[in-house]
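Q: Please take a close look at the part of this model you find best suited to one. Start with the surface, work inward, and keep the account connected.

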Amino acid sequence: MSSSFFIKTKEKAKVAKKGNNAAGPKRKGDSGGKSKVQAKKPNSKYNEEISSDSEPESPVVSKKRQSGEEHEYDETPQEKKLRLAKLYLEQLKEEEEKKAEEDSFETDLIAGRLQEEVLEQKGKLQRLIAKDLIPPDTSEIRLLRGHKLPVTCVVISSDDKCIFSAAKDCSIIKWDVASGKKLHTIPGGRKGTEDRHVGHTAHILCMAISSDGKYLATGDMNKLIMIWEAETCKHLYKFTGHKGPVSGLSFRKGTHDLYSASHDRSVKVWNVDENAYVETLFGHQDAITGLDSLSRERCVTAGGRDGTVRVWKITEESQLVFHGHQGSIDCIQLINEEHMISGADDGSVSLWSVNKKKPLSTVKKAHGCHGDTELEQPHWVASVAALQNSDTVASGSHNSQVQLWKCGQNYRGLEPLFIVFRSGFVNSLKFSSSGQFLVAGVGQEHRLGRWWRLKEAKNGIYVIPLKRKSPSQEEAKMDD
């Protein structure tokens, strides 16, 4: 009895002690309860620190950012000046870079143009156009009529908007290319009215227009050179000095220096701006029949029956003499500064280089022959033209043909392209600057005389379009 009572009493005491520890208040001296509470407290304390520290973190950072933002808006005058100065420097840097890019682009363009000019001067710039040309339809060729007698010469303004023509009726007509209408007409006068008539009173043989379109020059059988304002066709000056008919005129490209050639065998130089005569050059042994020039201070001439082509170096006061044709050389044209084409009454067309005394290439009987078999004679070549700095040239004859040619590589050959038939003497040919059309001055008679007369021919100007092959035609040709 006593032992079982003791055990039960002891168990009750343990239970009571547990109850006191769980429900009773903490005491300073109660080390046992404190140790048990602290054993669990570190984890809860660690968790509480994480949660409590993370709650005020965002407010603290936002306050710092807010203070920073307030600092930005509340910058001092010195800081503001510094910031604006930096912005200004950045803008200047951007502008300089942009300007440098523009200058570089302009420099490249200028360099390209200069390179083209150098190639032009050396005669090495050759635009390959001939391979793309195709014959025009007859319906596309326009006839401009206004002259009563054979047309002897034509020129085209550098912008390709106007054509000037002159004829044996002593008149000059300015045409609009787009509409084909007359813009101005300067009528010719009768022989003996030279003192009172403003204009020509004898056959006009040649004409030229300055590259800027300011001046028009015309020369006639009366040894006179007339200078006109191209825009209004107002008469400005009259140059006298030649002792024979004026047969060739050309303005030096980019200037108002005028070169003239005459049957008196001389070449004269004039300054149109100053209305002044400059000098005279001699060398040909027969009447000069044609003249041409480009940018250099030189010109080329055809010497007719003396059988020579000459290059005149104006500043050096010297000349180069070339031989090749068997007949009278009646026409000449520069292709570029180093190459030229000429035609003669022996029916031949020749390509020349200023560095060779003989032709680079000659096509004999270029326009065929006429007459009986035993008395067969070649058709005279009355006119030639060249599309500048290209491989395309043309020739005209009294057999009513305009023949287009392709120049070979380095101008060492002539290959026929196609023929445009138009009844009459093809007295003058000129390509437009753009190469979009060719103008032919046609008449019933040769420009230098009256050896034949083709009654069926019409005195006028033919505007011949220079058509190009379409991409589909190119593809079809490649497939073949």
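A: Leu89 sits in helix H3. This is a predicted model, so every statement here describes a prediction. At 55% relative accessibility, Leu89 is exposed, because the cut-off for that class is over 50%. Leu89 has company on the surface: with Tyr88 and Leu92 it makes up a nonpolar patch. Together these three residues offer about 310 Å² of accessible area.

Helix H3 spans residues 77–122, and Glu96 belongs to it as well. Glu96 is exposed too, with a relative accessible area of 52%. It is part of a surface patch of negative charge. Glu90, Glu94 and Glu95 are among the members, as are Glu97, Glu101 and Glu102. Asp103 and Glu106 also belong to that patch. So what does H3 carry? Leu89, an exposed residue of a nonpolar patch, is in this helix. Glu96, an exposed residue of a negative patch, is in this helix too.

Now the strands. How well covered is strand E26, residues 392–397? Six of its six residues are buried, so the strand counts as mostly covered, with buried meaning under 20% relative accessible area. The cover is on both faces. One side presents Thr392, Ala394 and Gly396. The other presents Val393, Ser395 and Ser397. All of these residues are buried.

E26 has a partner in strand E25, residues 381–386. The two run antiparallel and share five bridges. One contact to look for in the viewer is Val393 in E26, the bridge partner of Ala386. E25 and E26 form a hairpin with five residues between the strands.

Asn389 lies in that loop between E25 and E26. Its phi is positive, about 60 degrees, though it is not a glycine. Most residues other than glycine have a negative phi. Is Asn389 buried or exposed? It is buried, with a relative accessible area of 9%.

E26 also pairs with strand E27, residues 401–407. That pairing is antiparallel as well, over five bridges. Here Thr392 stands opposite Lys406 in E27. Thr392 is one of the buried residues of E26. The hairpin of E26 and E27 has three residues between the strands. Ser400 takes a positive phi in this hairpin, near 70 degrees.

Follow the chain past E27. The loop between E27 and strand E28 (414–421) holds Tyr411. Tyr411 is another residue other than glycine with a positive phi, near 60 degrees. Tyr411 is buried, at a relative accessible area of 2%.

Next, the charged pairs. Side chains of opposite charge can pair when their charged atoms come close. How many salt bridges does the structure hold? The count is nine. One of them joins Asp137 and Lys467, at 3.9 Å from N to O. That contact is inside the cut-off, because a salt bridge needs the two atoms within 4 Å. Asp137 lies in the loop between strand E1 (133–134) and strand E2 (142–144), while Lys467 is in strand E32 (residues 467–468), so the pair ties together parts that are 330 residues apart in sequence. Both ends have some exposure. Asp137 is partly exposed at 41% relative accessible area, and Lys467 is partly exposed at 26%.

A second bridge links Glu445 and Lys168, with the closest N and O atoms 3.0 Å apart. This pair also connects distant parts of the chain, 277 residues apart. Glu445 is in the loop between strand E30 (437–443) and strand E31 (460–465). Lys168 is in the loop between strand E4 (162–167) and strand E5 (172–176). Both Glu445 and Lys168 are buried.

Glu445 has another partner. Arg453 bridges to it, the closest N and O atoms being 3.0 Å apart. The two ends have unlike cover: Arg453 is partly exposed at 44% relative accessibility, whereas Glu445 is buried at 4%. Shared partners also turn up around Asp137: Asp137, Glu140 and Lys467 are joined by salt bridges into one network.

How values were computed: Residues are numbered from 1 along each chain as its sequence is written. This is a predicted model: local features need pLDDT of at least 70, side-chain atom pairs count only at pLDDT 80 or more; totals for chains, interfaces and linings use all residues. Side-chain values use heavy atoms; hydrogens and water are left out. Patches are made of residues with over 30% relative accessible area and no salt bridge: like charges are joined within 9 Å, nonpolar side chains (Val, Leu, Ile, Met, Phe, Trp, Tyr) within 5 Å. Accessible areas come from the Shrake-Rupley method with a 1.4 Å probe; for residues, only the protein chains shown count as cover. A salt bridge is a side-chain nitrogen of Lys or Arg within 4 Å of a carboxyl oxygen of Asp or Glu. Lys and Arg count as positive and Asp and Glu as negative; His and the chain ends are not counted. The place of a charge is taken as NZ of Lys, CZ of Arg, CG of Asp or CD of Glu. Helices (H or I, at least four residues) and strands (E, at least two) are DSSP runs, numbered from the N terminus. Buried means under 20% relative accessible area, exposed over 50%, partly exposed in between (1.4 Å probe, protein chains only). Two strands pair if DSSP finds at least two bridges between them.
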